[in-house]
Every structure is written in structure tokens, then in C-alpha cells.
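Me: I'd like to practise reading helices, interfaces and backbone angles in a two-chain model. Could you walk me through it?

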Amino acid sequence: MKLLFSDNSVNTHFRLFTIAVILLFTVRLIVGRSDSIFFEILQVVLLVFISLFLLLMLINYQSRNTTVPLSLVMNLGILNAVAFLVITFSDVITSSLLDNVNQMVSDPGLVYNIVSILYVLIFIAYFAYVLIVLRHLFILNQIKNAKIYFNTMVAFFILAALSSQFFTSKSLSFVEDTFLIVSVLLMVFNSVRISWIAFLSKKEKIYLLVLSVVISVLFAVNLGNTSGNGIHSQVLNSFSPSIDNFVTTVMLYGAIYFFVLFFTTLFHLPTAEAYDRKAQEVSSLQYFSKLITEVLDFDDLAQTVTDITLKVSHSNAAWILWKDADQFITLANKNVGFVDSEKTNKIILNKIKFEKINSTKTISLSDESSKDGEQSIFELLSVSPIRSQGLVKGLLIAAKTSGKLFTNDELSAVETFSDYASVAIENAKLLEESIEKERLEKELDVAREIQKKILPDKEPSYSNLQISSVFIPAFEVGGDYYDFFELESEKLGFVIADVSGKGISAAFVMAEVKGIFESLSKTIKRPKDILIGANSILKNTLDSKTFVSAAYGIIDLENEILCISRAGHCPVLLIRNEETKQIKPSGIGLGLIDTDYFEENIEEFEVQLKSNDTIVLYTDGITEAKNDKLEDFGDEYFKNILFDGRHLTAAQLSNKIIKEVTLFSKSYSQYDDITLVIFKFGSRQQKKDGLGKQKNKLDGEKEWQSSTHQF
Amino acid sequence: MAEFNTSILDKGNVSVINLKGYLDAHTAPTLENNFTQLIGNNRFNIVVNFNELAYISSAGLGVFMAYIEKIRENSGDIKLSNMSEKVYNIFDLLGFPLLYEIYKTEDEAVNKFTR
């Protein structure tokens, strides 16, 4: 297959073609006009080969160049005109070139041989090209086995032509007749298959109509000119009667084909417009659906929508009436000024309820104009809703001036485009949202980064106090904060806080809160006063919606005293002697109210620590952790777990709690930050019994231990 | 989860806002709009009914703080009613009972204004 189409094969075909022509020429030159059956057959065989090679060359050429059917038909017209001229003037030309044609035919010389061979070649080329074009048009129909149908027909042409030469006796003429009849039947059968014209536009069809009648007539005229006993048939017959017959048969086929083509095109003409419209609609839709995925700019899309709507609905103008935050605006005007479209918009909004329109409607304005005072230049409108998330966001309007109606096709086309516009807008929205989401995620990354830097990266270490802290950030940064402050003379200050709100703003407040506690803890001795100071700062800096819940405490390791104050934060839990106590001194959240009122309402709680006291600080991320039934982890459950784990070390206990919380909320995403700080106190007597060392082993923090000795 | 809506009912010179669903950072703007609207209409006597509120986050609590000053300046108030125990605990932790009057029933809260 590949060989056939390669350049090599073309060259081979051309070489073989040339050899066959030279052979024919030589045979004719040497033998002259002979009645010998051998030479007759030899000539026929050579002619068949010449035709075959020419056909193959043409097929190769044809398959490599994609051609429009119409231009092929046009070529055929030109070729026929040339053939017509050649046939008509062959008498004149040959007689002027050669003195005595009749004599020449019977007694050919060198010049005559050259001329006659050229003449035959012209007609072989002629029928070869005609066959190729008709074959191409026939294959365009895309029917099964098209090539076989066509080749069968050509085979019968050849058989009919050959039989006319070799079965000359009267008794055998039925053979030729039979082949001829079958050939004609096949011609008619094949000529009916011309569905390819359906895909032509109206203009092209009119063009084809003219062309086909001309070509059909030319074929018929050529057929008439050649069938007589003129110089044409004399020359061809001198080679072989078959070639003459074959040319005639092909001409007949051409005449029938174009005759049928003419009438079929004629009958297709009335529907051509509807077909054109459908074709345009389909191609517009294709174009538009491609556009939807590529163009995400709403204005560009709007322009395209009205542009295509205008074309497909054959309207005089098109535009979009868009509702933008309770205001109606006009978009993407096509063939209409803003003044006219806005006038018309007013009339539309008077006639229909914008939100209620749910399918394409036509509105006649011819009677409306006088009533309203506002005159529209249009008489008929088609109005289609453009929806987004179930709501009418805009109207796609196509308008016609007087005397024109919308066909059902046009209306459905407009409706289709309004639907497409809806999809496009939805797409644009989704894109916007995803960009926004990405921005938010970037923001959250920043917030997480801030939070990570703010929180302590390790706990201080004391020989008689185990400290364990766990922080689990939520996807959306929650604003949890905790910190430790190593104060003078074996005193440990600690704070736990939760900024209201989430995200980057919460993270910034957190940073501010850290700064406040860092500095206040250095200068102020009592937890209550630190919180009062923090409140007066935050009340001035935070906006009225934002506040911070916090608890601040100091553990005096020397005197074994815990002093704690609370500002709106979750209670502090103290587990002692098989009992869990809530330490919940009064106190309002930071940043909510003025210093005076805050000061009035804040209390301080002080307790003498005992050995094995466990102090638990937490944020509501733990107690408000939710399971798949949206149930809270809850205070009670939390207390129970603490109670069960009261004999564990601080680190073990916090592990246990985190494990329980994670298990509980495994099917529900963590909504808030989780912060848990546990202190476990061991009295001085137990200082050297390994608790401290065990703690150090757990953390592996030698550095901190050495630094604690300074205090 | 983020289901939240409100309805406003006028009872004489008192406006009652009924809350329903989950009030958090994402749904808070709905309630903020309610307050802005009431203040815009010079209705400063407001009762918020928590009967159908399932959950309130810290950001939800912030909404009440944002408007209380302006309302009290205009000798009005926000009173809260019908809180579930869970919601009350959240308010209580933050010390809100010190800042707002909280009543068991809506009528009780409304009557406090009319008296």
C-alpha cells in the first residue's frame, strides 16, 4: 500500500506509460494500417496499458491532494469545454495540417502517426480524468464498498467496449448489447448516489446547479459530435473501435450523472437555507463550547454569546441585560446602541418579571411603544434567561425590526446559547472561587507559620514538676496560644489563650498577645494584674468583635503554691486525691470591656500544691471536638479520661488524651486548634527519686535542665 | 454544618431575633446584617432568642460585642433568652452573664424592656 503511494511508484507508472506510448507509436509506424487480428489485439492491449498507467498516476495525484468537490466539478467543466473544442475543430485543424486526410488514414505517414497518437492520448487523458473525478465524487458518499460499485461499473464499460470490437458478427452482437445495457443500468444506479451535495451551502448549490447543467449539456454535445463518422471517430477507430466506444460510454455516464445532479441540486435548493442555518448553528455551538473552556473572562464570553446569537437567529440586534447588585446593565451590544437597547430593556422589564422568566419568550413591541411613551426601534424580541445557581442573572435578547418573525429553530438556537452562557458564567464563578480558595490557603500557610514561631518549641524543665504540652493546629488556624515564663526564684509563669476567630487575623492577634504576656510577666507579679494589664491593652487595639480568652498562672515551686487567674477561658482542672476539681475563678474575656469593669469582676485563685497534683490547661478544641454524629467530646468525658489516667506521668496522660480525642473525632475534620498543657507536681521529697530524670529522658532536653539551676 | 438563619419579629418596641443552626465565623455576617438593619431602623431594644441555636463559636460571640456599645449609647440593650445549657456554658465561660442580661424565656426578656 505504501509502495503504491510513494514517489517511486509514480515514477514507475510514468516510465511504463511512456514505454507503452513509444511501443504503440513504433508498432503503428512499422506496421502501418493492418487488418491483422494480432496487431489489432496488440494495439488494444497497449491502449489498455496506457489508460491503466495514466489512471494510476491520476489516482495517486488525487489521493495526495485533498480537493473540494466543487473545484473538481469545475475542472470537469473546463475539460469538457476543451474536449468540445478539440472534437469540433479536429476536422478543421487536421484538414489544414494535412492535405488529404482520408488518404492519410488509410496510408499513414510519420506526421499523421504522431498527430493521431497525441489525439488518442488526449482522449485517454480525458476519460481517465472524467472517471477519476466521478469516482472521487462517488466515494464522497461514504457508502460501504463504494470503490467496488464504481470499479464494477468501469469493468462493464471495458467489457462493452471490447465486445463491440471483437464480437462483430451479427449472431454475437447480443454480447455487446448485454454489456452495454448492464453498463447503462449501473451508470443510472451510481448516478443516483449524490448525497455529497447535501453538505454544500446554498451559494455553492446554486453554483453547482449552473455548472451541472453546463457540464451535462457539454457531455451530451460531445457525445453527439463523436457518434457520427467525423474525423474524431475515424482517428480513434483507426487505433481500436474499443477506445472510441469506451470514450462514448464515459461521456454517456458523465451526461447522465450531471443530468441527475442538476435535478437533485434543484430539489435540494429550497431546503438549502434551513440546512445552512443548522450547519451554522452546529459550528457555532462547537466553536462556543470550545470557547467556554478556553475563555474565562466574562466580558469576552458575553461578546461571543451575542455575536453568535445575532448570526444564528438572523436578528437585527442582540444584547445581554444583566442584573448586577440590583442594578440593570446592558452588556455586549451587537448592532444596537446603548440608548436603543436601554429603552427596550425598560419595556421588557415592564412587561415581564425578571426573576420569573424560565424559558425563551417572544415579546411583541408593536403595540407597546405608543402606550409607554418610550419607543423601541424593534418590533419583536426573543428573551432568554441566563441563570446561575438557580437564579436568573441576566437575559439574552435578540431583536428584530418590523416584518420579521422568529422561527422555532431560531428560538431554540437562542435558548441554547443562553444555556451555554449560563454554564460559562458558572464556570467563571467556580474559577474565581478556586482562585479565592488558593489565596486563602496561602494565607493559612502564613498564619500557620506565624503560629509555629509564636508557640514555645520546648517546655522548661524542673526537677519536681513534669510539664507536657501538646498543640495540634486545625486546618484553618484557630488562634490558640500557650507559653511558659521562667520567673525569678523557682517560679514558673504560664499562659494559655484562645483568640476569637480564625485564620491570618487570629494569628496576628496571637502574636500581639504573646508580646503582651512576654512583657507583662516580667514586670507584674500577680496573675490577676497581668490579665488586667493585658485587657486594657487589648481593649484598645482589638476591634469590638474580637476578643481573647486566657488563663494565666504562676507555680511557685519553692513554696509549692499555684496561683491562677482566668479571663473567659476554659476552667483549669486540678486532679488531686481521686478527685477532679474545676478551678474557675470569675473573669471576663480580654478585650471585651473597659479596665474598670474588668478589674471589678476578676478573681484570683490560690492553692497549696500537694504531691501528685495534676494541673490541666486546655482550649475548647478538645471539649468541642466532634464525632460523626456532631456530638461534642464534652467536659464530662474529658474529666473521666483524666481521672482514669491520674496515675500516669504528664507526658503519658497527654498522649492518652490526644489519642482519645483523635479516636473520637476521627470521622470529623478537626475544626479548631487543640492545645493541652499538663503539669504534674512532685513534692521536694521526691526530687531525687527519678521523676525529674524520667522526664528529662523522655524529652531528651539536657540543655534546659542546666539552665533551670540558675533560678 | 454551616446552616444558620435568623428571623426578626417585632413585639411592640422590642425586636426579637430568632437564631437557628450554627453560628460561627462563616455564618456570623447574617446576624451582623440583622443588627445593622435594626440599628438603621432605630430599633435599639433587641432580644435574641437562642432557642433553636445548636452551636456558637467564639466568632459568633463577637457579633454581640460589636453592636452593644452603639445600642447602649442609644439607651437600648441586647437581652438574651432561651439558651440551652451548652450555649449558656460558652457564654458563662467568657463572662458574658456579667455583660448581658440572660433570661429563661423570651417573654421575660421582652417584658424587661416594656417595664
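Reply: Happy to. Let's begin with a helix and its surroundings: the buried residues of α3(B) are covered by elements that include β10 (561-567) of chain A, together with β3, α2 and β4 of chain B. Keep in mind that this is a predicted model.

Me: Which residues of α3(B) are buried?

Reply: They are Val87(B), Ile90(B), Phe91(B) and Leu93(B).

Me: And how do I judge whether buried residues share a face of a helix?

Reply: Start from the general idea: an α-helix has 3.6 residues a turn, so residues three or four places apart point the same way. Then look down the axis. For α3(B), the buried residues fall within an arc of 165°, so they line one face of the helix. Just after α3(B) comes Gly95(B), with a positive phi of about 85°.

Me: Can we try that on another helix? Which residues of helix α4 of chain B are buried?

Reply: In α4 (residues 106-114), they are Glu106(B), Ala109(B), Val110(B) and Phe113(B). Their arc, seen down the axis of α4(B), is 95°, so these residues line one face too. The cover over them includes β1 (4-11), β2 (14-23), β3 (45-56), β4 (77-81) and β5 (101-103), which belong to chain B.

Me: Now the interface. How many residues of each chain are in contact?

Reply: A good way in is to count residues, then look at area, then at specific pairs. Here 22 residues of chain B touch 29 residues of chain A. Together the two chains bury about 2000 Å², and 59% of that lies on carbon and sulfur atoms. Of the area that chain B buries against chain A, 30% comes from Leu93(B), Leu94(B) and Leu98(B), more than from any other three residues. Leu93(B) is a residue you have met already, among the buried ones of α3(B).

Me: How many salt bridges and polar contacts cross between the chains?

Reply: There are four salt bridges across the interface, and seven residue pairs are in polar contact. One salt bridge to look up joins Lys539(A) to Glu69(B), where the closest N and O atoms are 3.7 Å apart.

Me: Which helix gives the most to the side of chain B that touches chain A?

Reply: Both α2 (58-73) and α3 (85-93) of chain B supply at least two residues each, but α2(B) gives the most, with seven residues. By type, this side of chain B divides into 13 nonpolar, four polar and five charged residues.

Me: What about chain A as a whole? How many helices and strands does it have?

Reply: Chain A has 23 helices and 15 strands. Of its 711 residues, 48% count as buried. For the fold, check sequence separation: among contacts in chain A with a separation of 6 or more, 72% are between residues 24 or more positions apart.

Me: Last topic, backbone angles. Where does Ala332(A) sit, and is Ala332(A) buried or exposed?

Reply: When you scan phi, pick out positive values in residues other than glycine, then check the place and burial of each. Ala332(A) has a phi near 50° and lies in strand β2 (residues 327-334) of chain A. With a relative accessible area of 9%, Ala332(A) is buried. Asn335(A) also has a positive phi, of about 65°, but its place is the loop between β2 and α13 (338-351). At 61% relative accessibility, Asn335(A) counts as exposed.

Conventions: Residues numbered from 1 in each chain as written. Chains lettered and ligands numbered in written order. Predicted model: local features only at pLDDT ≥ 70, side-chain atom pairs only at ≥ 80, totals over all residues. Heavy atoms only, no water. Helix = DSSP H or I, 4+ residues; strand = E, 2+ residues; numbered from the N terminus. Buried < 20%, exposed > 50% of the residue type's maximum accessible area, 1.4 Å probe, protein only. Contact = heavy atoms within 4.5 Å. Buried area = accessible area lost by both parts, 1.4 Å probe. Salt bridge = Lys/Arg side-chain N within 4 Å of Asp/Glu carboxyl O. Polar contact = N/O pair within 3.5 Å; in protein donor to acceptor, adjacent residues only side chain to side chain. Nonpolar A, V, L, I, M, F, W, Y, C, P; charged D, E, K, R; others polar. Arc of directions from axis to C-beta.
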